[in-house]
Amino acid sequence: MALTPAVIAAATLALGDREGPGAMSMRRIAADLGCDPMAIYRHFPNRQALLDAVADLAVQEVAVPAGEKPWDERVRAVLTDVRAAALRHPGIAGHIASRPPLGSAGQKLAAVITGALAEAGLAPGDVLKASQALVAYSAAGLRMAVEAGAPDERWRQVNEALEGETPVVGSAEQFEYGLRLLLNGIRLEAHPGEASRTAGAYSGQDRSCS
């Protein structure tokens, strides 16, 4: 089989799936491919460039949501599916959390998010800011999922202090709740008048009951 960037990236992704991120050194990847490490450098200038390509390969698994879906459902689908795809590939998940993919697959998903945010009613400058906030939240949530272990004594202490059970750190439940808060905030940012009318309605209701 000819050594190409696609072949190298696919082999690296499979190696990470089997043995985790610690195995994804240039020498180990070359050994897995049966080639000299310098052969990989002819296709990728450094390990980070290779891992960027592997990360983009992993998120190719994310389906682009249908355009007729509401804007918030499209954003939610992309971000939750990226998280799920990353966690299916433990060798590259940490890299995706540190450097969200910007290859062809990553750009396609980013376009879905920015398009949905524009459709939500945000001004062009706010579309960029909101997309950055969503990516930062998603990256942090993915990092927590990668690094978090099973609920421990500290988690139990927090629950006792708060007198209730909190979501497990890095869990899908925690991620989905925070994402819902962000999307609701974006909705209010895009249509502040609606928020004011809602607040006024509540205020009027309070006066009538006093």
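Let me start with one helix pair: helices H5 and H7 cross with left-handed geometry. This is a predicted model, and I will come back to confidence at the end.

H5 covers residues 71-88, and its axis runs 8 Å from that of H7, at a packing angle of about 155°. An angle over 145 degrees counts as roughly antiparallel, so that is how H5 lies relative to H7. On the H5 side, the residues in the interface are Trp71, Arg74, Val75, Val78, Leu79 and Val82. Their partners in H7 are Leu109, Val112, Ile113, Gly115, Ala116, Leu117, Glu119 and Ala120.

I will take one residue from that list. Leucine 117 sits in H7, which spans residues 104-120. Is leucine 117 buried or exposed? Its relative accessibility is 0%, so leucine 117 counts as buried. Which residues is it in contact with, leaving aside neighbours within four places in sequence? They are Trp71, Leu122, Val127, Ala130, Ser131, Leu134 and Ile186. Trp71 is also one of the H5 residues that meet H7. There is a C-alpha distance to note as well: leucine 117 and alanine 190 are 73 residues apart along the chain, and their C-alpha atoms are separated by 8.9 Å.

Now to the N-terminal part, and helix H2, residues 26-33. Its buried residues include Met26, Ile29 and Ala30. Those three are on the same side of H2, because the arc they cover around the axis is only 100°. Arg27 and Ala31, on the other side of H2, are exposed. What do the buried residues of H2 pack against? Three helices: H1 at 5-19, H3 at 37-41 and H4 at 47-59. Just after H2 comes glycine 34, with a positive phi of about 70°.

Next, the protein as a whole. There are 11 helices and 0 strands, so defined from DSSP runs. Of its 210 residues, 35% count as buried. Taking contacts with a separation of 6 or more, 70% are between residues 24 or more positions apart.

Last, confidence. The mean pLDDT of the protein is 89, with 87% of residues at 70 or more. Residues 198-210 are another matter: the pLDDT there is below 50, and beyond near neighbours in sequence the stretch has 0 contacts in the model. Where pLDDT is low, predicted coordinates should not be read in detail.

Technical notes
Residues numbered from 1 in each chain as written. Predicted model: local features only at pLDDT ≥ 70, side-chain atom pairs only at ≥ 80, totals over all residues. Heavy atoms only, no water. Buried < 20%, exposed > 50% of the residue type's maximum accessible area, 1.4 Å probe, protein only. Helix = DSSP H or I, 4+ residues; strand = E, 2+ residues; numbered from the N terminus. Arc of directions from axis to C-beta. Contact = heavy atoms within 4.5 Å. pLDDT = per-residue confidence, 0-100. Axes fitted to C-alpha atoms, helices over the stretch in contact; angles between N-to-C directions. Parallel < 35°, antiparallel > 145°, perpendicular 65-115°, else oblique. Left-handed = near helix turned anticlockwise from the far one by under 90°.
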